[in-house]
Amino acid sequence: MEDAIRYSLQYRRVSGDGEFETLSDKLIGTQARKKNLTDESEEGFIFRVGGIFRDGEPVENWVSHEEPFKLFSKEEESSRMETPNVALEGISHAALVSWKAPSSSTDKGYEIQMRESSGGSEWRTIAPSFSALEVRKKNLTCNEGYQFRVRLAGSNIPFSPASDTIVTLGLSDGMKRLFGSLDDGNLVKGSQTVSLEDALGGKEFVLLYASASWCGPCRQFTPQLVQWYRSLSANSTAEVIFLSADHDESGFKQYYSHMPWLAIDFDDDTREQLMGHIKVTGIPRLAVLDGRTGRIIEDNGVGKPLDINRWRSLVR
């Protein structure tokens, strides 16, 4: 059904008359949720899905399953753990999965499963007995994203409800284009260098900070930016890059020594190219870029709330 323009999803009760009811014939994704199901007979349901390849034509190639899908009993439902939380990890194609310990927690740990968020993907165990309440999962490259679920290890209780789908971030094509002229493809981090992929892969927002040691307003704003930057969690999805407007390399190095974030090397032509890209006519200038596209979502964040959730609202 790869060439279908949309899908039709139907279901029937095992205890019923055998007729299927249509849940939707306008699905464009390969997953759907059906809420408020009740089954007094406890015999379960059969679902089937078919592809619609051209408007006005009937469904082709119904696909179903043999074993009935049964609802959890009230006892089973009450024994399940809460839905795990998933968040971007701030590094390339990685996510942080966390959950709350249930009141019946034991020292056996937790079984964690994941699946790709595409129709028909099976759950697979990634940790049969994990002792902590969070796990970092890397190399999540599926474009449809992933879901996770958890339960007490070694138990027969049902798994928790599936997490929300999370689509991780790598280094976007937009960022690759913006930084394509970097010397050796590296940024400066303190006295070291770091590759562009390691520095910006997984970042939702990239802040380009044009500033100079000779600029009084810059020297006033930089400590505020440092304080905000140091308040971010280790897995933050925002990163700052310093674009020096100093007159010489010694001024750049002296000023940058007080900054905890990344920088473009003073002699790298990319520094001036990026200053031109964000149209620096005065400093301090803090341009906020969407890490997924490279698009400027805020021309200058100086004097405005440094709030990742606010920036997310600007992207939508």
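Trainee: Which strands each supply at least two residues of the lining of the largest pocket?

Mentor: A pocket is an open set of points where a 1.4 Å probe fits, on a 1 Å grid over the protein atoms alone, with protein on both sides within 12 Å along at least five of seven lines; lining residues have an atom within 4 Å of a point. Strands are DSSP runs (E, at least two residues), numbered from the N terminus. Here, S1 (6-13), S2 (21-27), S3 (45-52), S4 (60-64), S7 and S10 each supply at least two lining residues. The model is predicted, with local features requiring pLDDT of at least 70 and side-chain atom pairs 80 or more, while totals for chains, interfaces and linings use all residues. Residues are numbered from 1 along each chain as its sequence is written, and side-chain values use heavy atoms, without hydrogens and water.

Trainee: Which strand gives the most to that lining, and which residues lie nearest the pocket centre?

Mentor: S3 gives the most, with three residues. The lining comprises 44 residues, with Ala32, Arg33, Phe47, Phe69 and Arg115 nearest the centre.

Trainee: How many bridges join S7 and S10, and where do these strands stand in their sheet?

Mentor: Two strands pair if DSSP finds at least two bridges between them. S7 (residues 110-116) and S10 pair over seven bridges in the antiparallel sense; one of the bridge partners in S10 is Arg151, opposite Glu111. The open antiparallel sheet has three strands, in the order S8-S7-S10.

Trainee: Why is one side of S8 and of S10 left without a neighbour in the sheet?

Mentor: S8 (124-130) and S10 (146-152) are edge strands, and each has a single partner strand, so one side of each lacks a neighbour in the sheet.

Conventions. Helices (H or I, at least four residues) and strands (E, at least two) are DSSP runs, numbered from the N terminus.
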